[in-house]
Amino acid sequence: MHTKLKIFGVITSIGMLIVLLQGALVTKTESGDGCGATWPFCLGKILPPSPTTETIIEYSHRAVSGLVGLMIIVFSILAWRAIPHIRETKLMAILSVFFIAFQGLLGAGAVVFGQSDAVLALHFGISSLSLTVVILLTVLVFEDGKASVVQPVVSKGFRNYVIFALVYVYLVIYSGAYVKHTRTTYACGPEFPTCNGELIPQLTASIFPHYLHRLAGIATFFIILIMLIWAIRKYRHEPTILWGSIIAFILVTMQLVSGIYVVLTYNTLAFSLLHALIIALLFATLCYLMMVISRKGFSPSPKTIKNELLAE
């Protein structure tokens, strides 16, 4: 069922993933000014003559973003028409179009008018949201026609913890993007866990954002670890919760290791892009867990069960 739409959804998701990585590449190579302060043209022309490396990186990012943006709009319309009976379809379709449009406007505004590092960091956060909703919309297309819909039953406590982890990871995404835009990735030198020879360094203007992101990244590891232990102890009978938590833990471990590797080796490009990719996939995984958890009621707490038995 919906074979062509499934293929188109997968291609669109991959396209959005490429856009996200291209954006990280533009930031890492400082190619944001590669096309000058003109948009949508590059250096005032459709095809810039004798382009530099920075121009090629920025121009290709614009071209791919435009193409993928059109694909997302088409995919959202097709999904709306094909699976309107699935509860989350219309919301995800609307969010897909909204986030890709907002991302484009934010990028254009940064080129034409210039933006602060704080606003530029938001661009990567919006890209992560855009990637996530396209992936979720694709998942919904694959779910249609199945004998049963994924509806795990969890406690309100676990649901609230997933929400907390989701919001926290998004803040970590933002803090990481801010570190890249403020060029403070190596403010602590090639050291971990110390920073310039100290466990708790003097928090100067350059060190503070990096050190804060470092602490936030470590905390993320333990937040996801707690979620995994919770899932193993209470929800082994719910494959989606169990495997979603396992995948999240694998991703957060890879995220921490790749971040440490970047700091220790100054191997900035490949592992920086990998670092950006992993955190985006971790956020998408948590969003998927949140989506399926919200489909059904919550399991009663032991106290509620006890009160009901006493009432009988």
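**Helix packing and loop residues in a predicted model**

Pro193 sits in the loop that runs between α5 (156-181) and α6. I begin there, colleagues, with the reminder that what we are looking at is a predicted model. The peptide bond leading from Phe192 into Pro193 is cis, and its omega is near 10 degrees.

The loop between α5 and α6 also holds Arg183. Phi of Arg183 is near 55 degrees, which is a positive value in a residue other than glycine. Is Arg183 buried or exposed? Its relative accessible area is 56%, so Arg183 is exposed.

Asn196 is found in the loop between α5 and α6 as well. For Asn196, too, phi is positive, near 55 degrees, in a residue that is not glycine. The relative accessibility of Asn196 is 40%, and Asn196 therefore counts as partly exposed.

Let me now turn to the packing of the helices. Two packed helices are described by the angle between their axes and the distance between the axes. I shall take three pairs in turn.

The first pair I show is α6, residues 207-234, with α7, residues 239-265. Their axes come within 9 Å and cross at roughly 155 degrees. An angle over 145 degrees counts as roughly antiparallel, and α6 and α7 are therefore roughly antiparallel to each other. The crossing of these two helices, α6 and α7, is left-handed.

Which residues of α6 and α7 meet? From α6, the contact includes His210, Arg214, Gly217, Phe221, Leu225, Leu228 and Ile232. From α7, the residues include Ile241, Ser245, Phe249, Val252, Leu256 and Val263. By class, the contact of α6 with α7 has 16 nonpolar, five polar and one charged residues.

Glu238 belongs to the loop between α6 and α7. Its relative accessibility is 15%, and the cut-off for buried is under 20%, so Glu238 counts as buried. What does Glu238 contact, leaving aside its neighbours within four places in sequence? The partners of Glu238 are Pro152 and Val153.

I come next to α8, residues 269-293, which packs against α1, residues 3-28. The angle here is about 135 degrees, and the axes of α1 and α8 lie 10 Å apart. That makes α1 oblique to α8. The crossing of α1 and α8 is right-handed.

In this contact, Leu17, Leu20, Leu21, Ala24, Leu25 and Lys28 of α1 meet Leu269, Ser272, Leu273, Ala276, Leu277 and Ala280 of α8. These residues of α1 and α8 divide into ten nonpolar, one polar and one charged.

Helix α8 also packs against α4, residues 117-143, at an angle of about 50 degrees and with the axes 9 Å apart. Helices α4 and α8 are therefore oblique to each other. Their crossing, that of α4 and α8, is right-handed.

On the α4 side, the residues in contact include Phe124, Ser128, Leu129, Thr132, Leu136, Val139 and Glu143. On the α8 side, they include Ala276, Ile279, Ala280, Phe283, Cys287, Tyr288 and Met291. The contact of α4 with α8 divides into 15 nonpolar, two polar and one charged residues. Please note that Ala276 and Ala280 of α8 are named in the contact with α1 and also in the contact with α4.

My remaining topic is α2 and the loop before it. Helix α2 covers residues 53-82, which is 30 residues. From its first C-alpha to its last, α2 reaches 43 Å, close to the 44 Å expected at 1.5 Å a residue. Which residues of α2 are buried? Among them are Thr55, Ile57, Glu58, His61, Arg62, Val68, Met71, Ile72, Phe75 and Ala79.

Ser31 lies in the loop between α1 and α2. With a relative accessible area of 0%, Ser31 is buried. Not counting residues up to four places away in sequence, Ser31 touches Val26, Glu54, Ile57 and Glu58. Of these partners, Ile57 and Glu58 are among the buried residues of α2. How far apart are Ser31 and Ala82, C-alpha to C-alpha? They are 40 Å apart in space and 51 residues apart in sequence.

To close, I return to the loop between α5 and α6, where Pro193 lies and where the bond from Phe192 to Pro193 is cis. Thank you for your attention.

Methods: Residues numbered from 1 in each chain as written. Predicted model: local features only at pLDDT ≥ 70, side-chain atom pairs only at ≥ 80, totals over all residues. Heavy atoms only, no water. Axes fitted to C-alpha atoms, helices over the stretch in contact; angles between N-to-C directions. Helix = DSSP H or I, 4+ residues; strand = E, 2+ residues; numbered from the N terminus. Parallel < 35°, antiparallel > 145°, perpendicular 65-115°, else oblique. Left-handed = near helix turned anticlockwise from the far one by under 90°. Contact = heavy atoms within 4.5 Å. Nonpolar A, V, L, I, M, F, W, Y, C, P; charged D, E, K, R; others polar. Expected span 1.5 Å × (residues − 1). Buried < 20%, exposed > 50% of the residue type's maximum accessible area, 1.4 Å probe, protein only.
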